[in-house]
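This report describes how pairs of helices pack in one protein model and then turns to one of its pockets.

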Amino acid sequence: MAQSFANLLEQDQATIAPLYGKVDINFVKGEGSYLFDDKGDKYLDFVAGIAVNGLGHQNAGIKAAIVEQLNHFNHISNLYPNYPQIALGRKLLEITGFDKAFFCNSGTEANEGCIKFARKYFNRKGEAHRQKIVTFINSFHGRTFAALSATGQPSIREGFGSMPGDFVHVPWNDVDALKKEIDGNSCAIMLESLAAEGGVMTLSKEMVEAINSLQKEYGVLVILDEVQAGMGRLGTFLGFEKYGLNPDLVSLAKGIGGGLPLGAVLLRQKIADQLKPGDHGTTFGGNPIACAAGLSVVEQIAQPALLKNVEERSAELRAGLSKLAEKYTSILAVRGEGLILGLALDENLPVGNVITAAREEKLMVLSAKGNVLRMLPPLNVSANEAREAIAKLDAAFAKVSK
Ligand SMILES: Cc1ncc(COP(=O)(O)O)c(C=O)c1O
């Protein structure tokens, strides 16, 4: 297939539905932490496919696993057990201590699964009235209807008419507001271990304690959306391990497939016990090629050296970002954990201006809600690359601060 079009962005706009604000670059190759365009320009990729390419571009292990599975079959359906799915499931359960895995294709679909399993659990236990799911303002759980209803950002829900009911949103880290909404009739509390899209917001200790005690007191289920913060991004295999939460259901996607579409739900046995064939399903979920790639990803991410790299690079990047915050008054705060890092910016400096200036310096970064600059480098980013990113950001801020 031809790698290049004249007027690429124009061609895109003439062809693809207008749902994204795109940048006019024709990337033709990725290697490690870098992307290359058709002019031969080299960009340091701190977007990583929006937290998908945790092991960078062209990871040898992922490539070999995909090729190996292509020599067997691409797809056989969920009517038959298959080795890649079971091998990935076993590895995930072994690492996380969960009891069962369900595979799907994306983050929103993993969250739909969590929501359906939580409601079915209470329904089968004879408590069908327990439907209410409390989530957080600033949360992002996906674009399909139930995940959209769970998402606490009104702008993302606007214009789509009525939403699936019994979702309530409370402010992030507002313990009193959460306590007011939860009782013995509630179904679940659903949250990200770090609200990434919603502004790179970390969880307070008080909120973690409140969630743990509400879970014990009322038997309310805890659903952890680890789509962005899981798979090593916070320096632990799953993000919630950092905070001491004890979820009943976990959703995974993004980083787990090594660039192929793959999502997963991890379940406790008590929930799996209430599910039956036909309750839920998907044609492509757990596709053997995606699962083969996923097994390679999971094996590599679970390595202590990789998780240590996340912590070390995170500390270096945070130190570098803090220096920039001292130098440029438009940076109000350094946010985040692990390798989901952010800079909250003064409203007089739109984050888009910094993203453009960084791109001119050949550094790819992205935004988060609330005028926040977000960085999602690959988990195996090197110390040199981290230094390079800070130098490029410094140059970008110098340009926009004039
Ligand atoms: C925390 C979180 N949940 C869910 C989703 C939705 O995932 P997907 O786009 O794969 O449906 C995202 C995507 O950004 C996310 O960050």
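Helix H3 (residues 60-70) and helix H11 (residues 288-301) pack with their axes 8 Å apart, at an angle of about 150°. The model is predicted: local features need pLDDT of at least 70 and side-chain atom pairs count only at pLDDT 80 or more, whereas totals for chains, interfaces and linings use all residues. Residues are numbered from 1 along each chain as its sequence is written, and side-chain values use heavy atoms, with hydrogens and water left out.

Helices (H or I, at least four residues) and strands (E, at least two) are DSSP runs numbered from the N terminus. Axes are lines fitted to C-alpha atoms, for helices over the stretch in contact, and angles between N-to-C directions run from 0 to 180 degrees. Angles under 35 degrees count as roughly parallel, over 145 as roughly antiparallel, 65 to 115 as roughly perpendicular and the rest as oblique.

H3 and H11 are therefore roughly antiparallel to each other. Their crossing is right-handed (the near helix is turned clockwise from the far one by less than a right angle; anticlockwise would be left-handed). In contact terms (heavy atoms within 4.5 Å), Gly-61, Ile-62, Ala-65, Ile-66, Gln-69 and Leu-70 of H3 meet H11 residues that include Pro-288, Ala-292 and Val-297. The residues of this contact divide into 9 nonpolar, 4 polar and no charged; Ala, Val, Leu, Ile, Met, Phe, Trp, Tyr, Cys and Pro count as nonpolar, Asp, Glu, Lys and Arg as charged, and the others, Gly among them, as polar.

H11 also packs with H4, their axes coming within 8 Å and crossing at roughly 30°. That makes H4 roughly parallel to H11, and the crossing is left-handed. From H4, the contact includes Pro-84, Leu-88 and Lys-91; from H11, Cys-291, Leu-295 and Glu-299 are among the residues met.

The axes of helix H13 (residues 351-360) and helix H14 (residues 383-400) come within 8 Å and cross at roughly 125°. That makes H13 oblique to H14. Among the contact residues are Val-354 and Glu-360 of H13, and Phe-397 and Lys-399 of H14.

| Helix contact | Residues by class |
|---|---|
| H4 with H11 | 10 nonpolar, 2 polar, 2 charged residues |
| H13 with H14 | 7 nonpolar, 1 polar, 2 charged residues |

H4 (83-96) and strand S4 (100-104) each supply at least two residues of the lining of the second largest pocket. About 370 Å³ of space lies in this pocket. Of its 16 lining residues, Asn-78, Gln-85, Ala-101, Phe-102 and Phe-103 are the closest to its centre. On a 1 Å grid over the protein atoms alone, a pocket is an open set of points where a 1.4 Å probe fits, with protein on both sides within 12 Å along at least five of seven lines; lining residues have an atom within 4 Å of a point. H4 gives the largest share of the lining, 5 residues.

Notes
Points joined across faces, edges and corners; volume = space filled by probe spheres on them.
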